Amino acid sequence: MSERAGHAVLIIDDEAALARNLATFLSRQGWDTRVAETAEEGLALYPEFRPDLVLLDHNLPGMDGLQALGRFKAMDPDCRVVLMTGFGSVDLAVNALKSGALDYLSKPLALGEVRLLIERLLSQDRLQRTVHYYAGREAAGSGLDKIVGDSIAMHQLRQRIRQMLASESQLEDADGPAVLIHGETGTGKELVARALHFDGPRRDGPFVELNCGALPAHLVEAELFGYEKGAFTDARQRKAGLVETAEGGTLFLDEIGEADAATQVKLLKLLEDKRFRRLGGLRDQAVDVRIVSATHQSLEKMVAEGRFRADLYYRLRIVELQVPPLRERGEDVIVLARHFLAHHAQRYRRGEMRLSEGAEQRLRAHRFPGNVRELRNLMEQAVLLATTDRVTELELAGLRTVAPASADAPLDAGSDLNLERAERRLIEEALRRSEGNVTQASRLLGVSRDTLRYRLERLGLRATG
């Protein structure tokens, strides 16, 4: 009974005895009830009573049930109504449901069935509210404003995303292009994917993600596309895949380079035809889903080595975004450290916390191979270890700093130490030696082709191939 407490039901029926008996029965089940004999009376009661459900008879003096249903929905689009009648017909049931009724009951009423119906409808309502709550919370934690950083590279990334979103807002069908996000592990590729979804035209649809490297290769296909009963040994019943779950929204495929050959074939069909087939299925199904993928690997190199389909690669990379590593973002390391410190201090109810000057120097000197994820975890650890409101070098003692220059090879007093100019000189020299070939130049520099292309764009340099 405690689960039903607080729920209210408005009964509108001109059969006084039936309405009274129904109200008494529901009251004993723990529901608050009111009774009205006409639609007009029920409509007048509704704004003050605000019931969770309206049980509305169709055959009423004056305004009938279907007319009243329209008035209730106009007054409150979220109003939940069940239509009742002793002269049921298929046409009436169809019209009631088309007009917005949740369900339809034929008289004479079986009180037990009424109770089960109400419980089912209110349970669905609770589930829907829960889903909306978590969806709202997820949306609040995502978006372009959650991509923190003041470096030039991050300003450019946000600006490129803004331009994409502005263009997509003009699409007639909201069928945005596939996006491939490059970046080292821990740089925040998922955050970029979420910004594309929650700030884009599909924001009201689901955001569904799968890390292709987190499951054995043979399970990724089943997880994505679902399967029919009997498709394989353990397939005891039909299961919908994540592609179906993402209907109307975005499917984010992290570490797409880990997808096996069979999954790649099906993904290509999904991208080209917007259709897929469950494992063990006999027919294709249409789906409306936008694909965003991410990788820390060079898919171009994998294509050259025959480990990734070239046609799928070109379909996935209609738009490419590069998320820079933290070590290339300058003072963003301090901006992010303060951001994460404030976040974790609030989570652990530590009040306002700050970094000492020595702690900031140690953060600047660290290479952060784990990128932003490593920094976030480090700040949580610092909050846990700090004995005061000040995080010092002691809480960051485990960090490895950049090795100092060897005393055997001192720099010239006149050496140019500007990092951006030095990077430009190295890239220009690599391009000169490779006669402008990006692939050869990237090998000379010891970086991936995608990383070099990103740096060429950042520095405004051009290559011939």
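This report describes the helices, sheets and some single residues of one predicted protein model.

Residues are numbered from 1 along each chain as its sequence is written. Because the model is predicted, local features need pLDDT of at least 70, side-chain atom pairs count only at pLDDT 80 or more, totals for chains, interfaces and linings use all residues, and side-chain values use heavy atoms, with hydrogens and water left out.

## The chain as a whole

The chain holds 18 helices and 14 strands. Helices (H or I, at least four residues) and strands (E, at least two) are DSSP runs, numbered from the N terminus. Of the 465 residues in the chain, 44% are buried. Buried means under 20% relative accessible area, exposed means over 50%, and partly exposed is in between, with a 1.4 Å probe and protein chains only. Contact means heavy atoms within 4.5 Å. Among contacts between residues at least 6 apart in sequence, 70% join residues at least 24 apart.

## Two sheets

Strands of a sheet pair through backbone hydrogen bonds, either parallel or antiparallel. Here two strands count as paired if DSSP finds at least two bridges between them.

One open sheet has five strands in the order β2-β1-β3-β4-β5, and the pairing is parallel. Its edge strands are β2 (32-36) and β5 (103-106), each of which pairs on one side only. From one strand to the next the twist averages 20 degrees. Within this sheet, strand β3 (residues 53-57) and strand β4 (residues 81-85) pair in the parallel sense over four bridges, and L55 stands opposite V82 in β4. Helix α3 (residues 65-75) packs on the sheet and touches β1 (8-12), β3 and β4. The direction of α3 makes about 155 degrees with that of β3. Axes are lines fitted to C-alpha atoms, for helices over the stretch in contact, and angles run from 0 to 180 degrees between N-to-C directions.

Helix α2 (residues 39-49) has the buried residues A39, G42, L43, L45, Y46 and F49. What covers these buried residues of α2 includes β1, β2, β3 and α3.

Another open sheet has five strands in the order β7-β8-β11-β6-β12, again with parallel pairing. Its edge strands, β7 (207-211) and β12 (319-322), each pair on one side only. The twist averages 20 degrees from one strand to the next. Strand β6 (residues 179-182) pairs with β12 in the parallel sense over four bridges, and V179 stands opposite V319 in β12. Helix α6 packs on this sheet, touching β6, β11 (290-295) and β12. Its direction makes about 155 degrees with that of β12.

## A helix pair

How do the axes of α6 and α7 cross? Helix α6 (residues 152-168) and helix α7 (residues 189-198) have axes that come within 10 Å and cross at roughly 30 degrees. The two helices are therefore roughly parallel to each other; angles under 35 degrees count as roughly parallel, over 145 as roughly antiparallel, 65 to 115 as roughly perpendicular and the rest as oblique. The crossing of α6 and α7 is right-handed, meaning that the near helix is turned clockwise from the far one by less than a right angle.

In this contact, L157, I161, M164 and L165 in α6 meet V192, A195 and L196 in α7. The residues of the contact divide into seven nonpolar, no polar and no charged. Ala, Val, Leu, Ile, Met, Phe, Trp, Tyr, Cys and Pro count as nonpolar, Asp, Glu, Lys and Arg as charged, and the others, Gly among them, as polar.

## Backbone exceptions

Most residues other than glycine have a negative phi, and most peptide bonds are trans. The table lists residues with a positive phi.

| Residue | Phi | Place |
|---|---|---|
| R50 | about 50 degrees | just after α2 |
| E255 | near 50 degrees | loop between β8 (250-254) and α10 (261-273) |
| R349 | about 55 degrees | loop between α13 (332-347) and β13 (354-355) |

E255 is buried, with a relative accessible area of 10%, whereas R349 is exposed at 78% relative accessibility.

The peptide bond from K107 to P108 is cis, with omega near 0 degrees. P108 is found in the loop between β5 and α5 (111-140).

## One further residue

E357 lies in helix α14 (residues 357-365) and counts as exposed at 61% relative accessibility. The C-alpha atoms of E357 and V391 are separated by 9.4 Å, and the two residues are 34 residues apart along the chain.
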